[in-house]
Amino acid sequence: HAMGSQVGEVLLYYCYCEVKDPEKLCAWQKALCQHLHLTGKVRVASEGINGTVGGSKVATSLYIKVMLSQPLFKNILCQEDFKSSAGGAHCFPDLRVGVFKEIVPMGIDPKIVSYKETGIHLSPQEFHREVEQYLSQASQGQSDTILLDCRNFYESKIGHFQGCLAPDIRKFSYFPSYVDENLELFKDKRVLMYCTGGIRCERGSAYLRSKAVCREVYQLKGGIHKYLEEFPDGFYRGKLFVFDDRYAICSNEDIISACRYCGVLWDQYKLCSSQHCRQLVLTCPSCCNKGLTACCPVCQEKELKVTSRASGQTLKEECECTRRRPRVPIERVSPRMLDTGK
């Protein structure tokens, strides 16, 4: 997108609270967004609301005002809870507001593992200090801490905290199994966890705590979003993945990932060119020009076959890049240190 189209902004927020009538809240929310010409995605559930919306600055600031005055969120949601970045309505294809069982899909009944049982929230400053301490101890090989990225592999691949453990999982709903399969790893550890805006940590930390193996569980309040506002050049390196048409937002110039095909430093995602595939691929301009635009050779082949067959049928994707990855990886070693050095 040209910078000229960035005049508005994109908001990200969530609020855990008791919602007696989710359908009613959903209808109100939809009307509000339509009235303000906002696009994006909003999830409503009996446990609260989670949204990311884009529009003009006038619209987004009105939206915040109205949200803060909504009786349901009074005294729970505050101005600070809205994370914003440059963007606008063009960042989303449309507006989707719906009622769900969970406001973040972990796949576990909120009645069983509740957001009320979360870890200890740390401000960006506190988290920064903790990471600093962890990195200096880890470099001497004596850390009792795990810095855990709760996001998916394609998010952590293009940006993460130095020295983090980033699970090789494709969906947050695999996170509980990841914890179950790797309980030994967390035994008697202090866990510092983080995600994009803080919401996945609310349920993820509650799940981890329910296993009663960790010594302590801490989470970054406001997520990477808030951390980068205060420490654009801190311990988080690379880009921040976002779930809209921008794919990533940037706070430092570091590129920590590589082109899938030639290995040159590259961190700009594109959708796999294979029609039936929903995977994201890192392929640099020169590889793109060579026609290397699919997520893996299997997809590239299939794309050619499908194009030549030109039938209307859609194939459910089976990628080698998906098949090669175990659904829930088991960590064989102590957390693999990504790159602790600057």
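Which residues does the UniProt annotation "domain: Rhodanese" cover? In the unreviewed entry that annotation covers residues 141-236, with UniProt positions given in the numbering used here, feature names shortened, and annotations possibly inferred rather than shown by experiment. Keep in mind that this is a predicted model, in which local features need pLDDT of at least 70, side-chain atom pairs count only at pLDDT 80 or more, and totals for chains, interfaces and linings use all residues. Residues are numbered from 1 along each chain as its sequence is written, and side-chain values use heavy atoms, leaving out hydrogens and water.

Select residues 141-236: the end C-alpha atoms lie 21 Å apart, and the span is 36% helix and 20% strand (DSSP runs numbered from the N terminus, helices being H or I of at least four residues and strands E of at least two).

Next, select helix H1, residues 22-35, where Pro-22, Leu-25, Cys-26, Gln-29, Leu-32 and Cys-33 are buried (under 20% relative accessible area, against over 50% for exposed and in between for partly exposed, with a 1.4 Å probe and protein chains only). These residues cover an arc of only 130 degrees around the axis, which puts them on the same side of H1 (the arc is that of the directions from the helix axis to the C-beta atoms). Glu-23, Lys-24 and His-35 are exposed on the other side.

Finally, select the cysteines: the structure holds zero disulfides (pairs of cysteine sulfur atoms within 2.5 Å). The sulfur of Cys-272, a buried residue at 6% relative accessibility, is 3.7 Å from its closest cysteine sulfur, in Cys-299, and therefore too far for a bond.
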